[in-house]
Structures are given as structure tokens and as C-alpha cells.
Amino acid sequence: MSRQIIQTDKAPAAIGPYSQAVRAGNTVYLSGQIPLDPGTGLLVEGDISAQARRSFENLKAVCEAAGGSLADVVRLGLYLTDLDNFAAVNAVMGEFFKAPYPARSTIEVAGLPRGAGFEVDAVMVLD
């Protein structure tokens with residue numbers, strides 16, 4: 001099986017030795033997106049809702065670059081540095097995803113790159 005590397009300048013460039021996403025067959029594995037502005041490469045200003053919104057926008061851009069959309073996402077991983085922000089992130093997720101929702105895990109972590117408070121990764125399946 002061949003791998004196709006997905007890259008778009010509508011999402012932040014990788015900040016390490018990895019790809020924004022990799023397609024293998026009909027499955028696309030999307031790397032974690034933190035709330036970096038793709039134009040500046042800087043962390044967005046604002047609360048956890050602003051961080052989540054920017055992260056989901058970045059994820060959406062990579063999905064589209066791979067030929068899909070957020071509706072094709074089958075699994076999400078959410079990472080928060082403070083689970084007290086769970087409800088706020090859920091509310092933002094509701095702006096981007098409609099039922100039937102993807103499977104999901106939510107994990108509290110000690111830290112994220114660049115001091116972000118939120119990160120999201122995903123798996124997408126294309127027909």
C-alpha cells in the first residue's frame with residue numbers, strides 16, 4: 001500500500017519531523033493540530049474556546065486538503081491541559097460536528113507544544 005502525504009498552507013506547517021496528514025488507502029491519519037494561526041505560526045490569543053475553534057479550523061483545512069471534510073472523520077482525540085475546560089471544548093466541537101458524531105477520546109495532559117491548552121487529532125475515512 002502506498003502512502004500519500006497531505007500538506008496545505010491553510011493549516012500550520014508541521015513543527016517537527018512529521019506530516020500534517022498521511023493517506024493510506026481510504027484512511028487518512030491527521031496529525032495533532034494546536035491553535036496556531038496558519039498565517040503567522042503563532043498561538044492564537046484568547047480563551048480555551050478560541051484555542052479549540054482555531055484547532056478545529058486547522059483540522060478542517062487538512063481534511064479538505066486530503067479530499068474530505070469533517071463529516072468524514074470517524075475518530076477524534078482531544079487533549080486538554082485542564083479538564084475543567086471540557087464543557088467549553090464540547091460546545092465548540094458542536095459548531096464543527098453534527099450527529100452522527102465521530103468516536104472520541106478526551107485526555108488531560110501535563111503540557112502541549114508551544115504552551116497550547118488544547119490539541120486535536122483525527123482519523124478520517126474516504127469513500
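Modeller: Two strands are said to pair if DSSP finds at least two bridges between them. In this predicted model, β1 and strand β2 (residues 21–24) meet that condition, pairing in the antiparallel sense over 4 bridges, and within this part of the sheet Ile-6 stands opposite Ala-21 in β2.

Colleague: How should I follow the chain onward from β2, and what joins β2 to β3?

Modeller: β2 and β3 form a hairpin with 2 residues between them, and Gly-25 in the turn has a positive phi of about 65°. The two strands pair in the antiparallel sense over 4 bridges, with Ala-24 standing opposite Thr-27 in β3. On from there, β3 and β6 also pair in the antiparallel sense, over 5 bridges, and here Gln-33 stands opposite Val-120 in β6.

Colleague: What is the order of the strands in the sheet, and is the sheet open or closed?

Modeller: The sheet is an open one of 6 strands, in the order β1-β2-β3-β6-β4-β5, with mixed pairing. β1 (3–6) and β5 (103–108) stand at the edges, and each has a single partner strand, so one side of each is left without a neighbour in the sheet. Neighbouring strands are turned by 15° against each other on average, if direction is ignored.

Colleague: Which strands does α1 touch where it packs on the sheet, and which strands does α2 lie across?

Modeller: α1 packs on the sheet by touching β1, β2, β3, β4 and β6, and its direction makes about 25° with that of β6. α2, for its part, lies across β4, β5 and β6, running at about 150° to β4.

Colleague: How is the packing of two helices described in general, and what are the values for α1 and α2?

Modeller: Two packed helices are described by the angle between their axes and by the distance between those axes. Here the axes of α1 and α2 come within 9 Å and cross at roughly 35°, and α1 passes α2 in a right-handed crossing. The α1 side of the contact is made by Ile-48, Ser-49, Ala-52, Arg-53, Phe-56 and Glu-57, while α2 contributes Ala-88, Val-89, Val-92, Met-93, Glu-95 and Phe-96. Sorted by character, the residues of this contact divide into 8 nonpolar, 1 polar and 3 charged.

Colleague: Which residues touch the most other members of the largest nonpolar core, and which elements give residues to this core?

Modeller: The general idea is that, in soluble globular proteins, nonpolar side chains tend to be buried together. In this model the largest nonpolar core has 28 residues, of which Leu-30, Phe-56 and Phe-118 touch the most other members. Two or more residues each are given to this core by β3, α1, β4 (73–80), α2 (86–96) and β6 (118–125), and the largest share, 7 residues, comes from α1. A second, separate core of 5 residues includes Ile-34, Tyr-79, Leu-112 and Ala-116.

Colleague: What is Leu-30 in contact with, leaving aside its neighbours within four places in sequence?

Modeller: With those neighbours set aside, Leu-30 is in contact with Gln-20, Ala-21, Leu-59, Val-62, Cys-63, Asp-121, Ala-122, Val-123 and Met-124.

Colleague: Is Ile-34 buried or exposed, and where does Ile-34 lie?

Modeller: Ile-34 lies in the loop between β3 (27–33) and α1 (48–65). Its relative accessible area is 6%, and Ile-34 is counted as buried because the cut-off for that word is under 20%. Not counting residues up to four places away in sequence, Ile-34 touches several others, among them Ile-15, Asn-58, Arg-114 and Phe-118.

Colleague: Where is Asn-58 found, and what does Asn-58 touch?

Modeller: Asn-58 is found in helix α1 and counts as buried, at 0% relative accessibility. With residues up to four places away in sequence left out, Asn-58 touches Ala-11, Pro-12, Gln-33, Ile-34, Pro-35, Leu-36 and Pro-38.

Colleague: What should I note about the backbone at Arg-114 and at Pro-100?

Modeller: Arg-114, in the loop between β5 and β6, has a positive phi of about 60° although it is not a glycine. Pro-100 lies in the loop between α2 and β5, and a cis peptide bond joins Ala-99 and Pro-100, with omega about 0°.

Key: Residues numbered from 1 in each chain as written. Predicted model: local features only at pLDDT ≥ 70, side-chain atom pairs only at ≥ 80, totals over all residues. Heavy atoms only, no water. Buried < 20%, exposed > 50% of the residue type's maximum accessible area, 1.4 Å probe, protein only. Contact = heavy atoms within 4.5 Å. Core = buried A, V, L, I, M, F, W, Y, C linked by side-chain atoms within 4.5 Å. Axes fitted to C-alpha atoms, helices over the stretch in contact; angles between N-to-C directions. Left-handed = near helix turned anticlockwise from the far one by under 90°. Nonpolar A, V, L, I, M, F, W, Y, C, P; charged D, E, K, R; others polar.
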